[in-house]
Amino acid sequence: MAHGPVPGTDDVVGSFVPTTAALRRGSPSSPTLEAAFDAFRLRYPAYDATTHLDALRATEYGRIDAQGHIYLDYTGGSLYAASQLQAHMDLLRRHVFGNPHSANPTSRAMTDLDEQARATVLAYFNASPEEYTAIFTSNASGALKLVGESYPFARGDRYLLTFDNHNSVNGIREFARARGASTTYVPLTIPDLRVDEARLFAALDQPASGMHRLFAYPAQSNYSGVQHPLEWIAPAQERGWDVLVDGAAFVPTNRLDLSTWHPDFVSLSFYKMFGYPTGVGCLLARKAALARLQRPWFAGGTIRAASVRADLHYLHEDEAAFEDGTINYLTLPAVEIGLRHLQAMGLEAIHERAICLTDWLLSNLLSLRHRTGVPLVQLYGPRDIRQRGPTVSFNILDPQGAIVDERVIEKRANAQNISLRTGGCLCNPGAHEAAHHLSRETLDGTGEGPQRGTREHCTHVLGLAGVVRVSLGVASTFADVYRFLEFARTFLDSEPDMRDLPPSKKC
Ligand SMILES: Cc1ncc(COP(=O)(O)O)c(C=O)c1O
């Protein structure tokens, strides 16, 4: 399905460029929600095929509007539908479930449902059970840690990753370093925060003396929304790399088809896809790659046998070797319920809607200017919807062009029941440092001390501001983004009120 705006309508219909008269008045006028929506639909005709999602918003997600929320933090966590809870509670109410992996009836019943959930996860991602297995973890970070701690890094081996990565991917470098492997970061291009492909392939081609090479990148950035190409997977593998794709921010609004793409590992958290349950994530692993991992320990549930007297243990040969202790067994059926719910809503419709709304939001946000001529927003990442997802990070600028403290934005958003994310670096320091042109020299020269890592340190010593992030997802509507844009307009031509800001956060 074609997405994005109808060609030729850019900045004509549905665009909120203030008129000269409005600018003269000092407060730009804006169309009503209804008029803006009419113009939006003309510009994005594909949106009309997603209107069944508005009906679901009213029923399944009715509590959002009943409580007057404007929820814009789907990259932080998605929202769950009422029927997901109902189906899960009904299941628990109707049955007696015991700890899985025994032969008794209550245990068998649970084991069957948990294995069914595992099979549903594989089927959802179109992953052949011959090629892939799904390992349940507590979240995406747990999946990444499993790879990091078990990857057979040794002296001469390499860990290659993009500057744009969540800290849970960055953290794998500590495992690499501890075992003598080198870590290399591929830089980002400014201002779109994409990867410099020439530099990436030069790094992939660099010879290494070791046997093992791991390349990790996010399918979608949690910072800029950039979608890094899945087309890198096969060429990297052909060059001898194991490829870890962090899918956490990508899979909530995009199809990841593992019959088309064959990464060695994929990390994700289910709450980011469908809100409930929290506490469950997954490592999708190619069985051939999984066989190369070496677990650093064993635990209950991971072994066929262990002996104290003989000091030996035999790990299971499948995913069980990677699931420590008792899995979150009562919760796993809710994963299946959530995946079926997403399928029923239509992931393609969710995707289409999210990109139409994001493109509209971007073009309108970027068109706003103070009377001084200074743009209202400094955006970090691509300015249109091509190869990006519905995650938008930016700073609001004051009429002189200085960044408005993100805590001012947060405080005013909170007062309007708008849930957006603000933060030092959104757990993605590489993208943040690239976006803010922060050099190694600046970071190195700031010394140690208790202030290091505080907001004051970031702002005053590093000159580094925090950012604001809005992100869309499964239950987003036009009204959400319209209201956010109206909120953004309130910063036009106004000086920030720095009184009563919340206490400093860590970078
Ligand atoms: C791209 C990405 N990777 C990994 C994570 C870590 O997810 P979790 O906190 O659920 O472990 C996040 C969380 O926001 C993320 O956005």
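Select Asp 480 to start: in this predicted model the residue is buried, with a relative accessible area of 2%. Now add Arg 57, which forms a salt bridge with Asp 480, the closest N and O atoms being 2.8 Å apart. Display the helices as well, since the pair links distant parts of the chain: Arg 57 sits in helix α3 (residues 52-59) and Asp 480 in helix α20 (residues 478-489), 423 residues apart. Arg 57 is buried too, at a relative accessible area of 4%.

Next, select Arg 118 and Glu 323. Their closest N and O atoms are 2.8 Å apart, and the two form a salt bridge. This pair also links distant parts of the chain, with Arg 118 in helix α6 (residues 105-124) and Glu 323 in the loop between β10 (312-315) and α14 (332-345), 205 residues apart. Arg 118 is buried, with a relative accessible area of 6%, and Glu 323 is buried at 6%.

Move to Asp 324, whose side chain meets that of Arg 295 in a salt bridge (2.4 Å, N to O). Asp 324 lies in the loop between β10 and α14, and Arg 295 in the loop between α13 (287-290) and β9 (303-307), so the pair ties together parts 29 residues apart in sequence. Is each partner buried or partly exposed? Asp 324 is partly exposed, with a relative accessible area of 34%, whereas Arg 295 counts as buried at 11%.

Finally, select Glu 131, Asp 242, Asp 264, Arg 286 and Arg 292 together: salt bridges that share partners join these residues into one network. For a wider view, display the salt bridges of the whole structure, where a search finds 27.

Methods: Residues numbered from 1 in each chain as written. Predicted model: local features only at pLDDT ≥ 70, side-chain atom pairs only at ≥ 80, totals over all residues. Heavy atoms only, no water. Salt bridge = Lys/Arg side-chain N within 4 Å of Asp/Glu carboxyl O. Helix = DSSP H or I, 4+ residues; strand = E, 2+ residues; numbered from the N terminus. Buried < 20%, exposed > 50% of the residue type's maximum accessible area, 1.4 Å probe, protein only.
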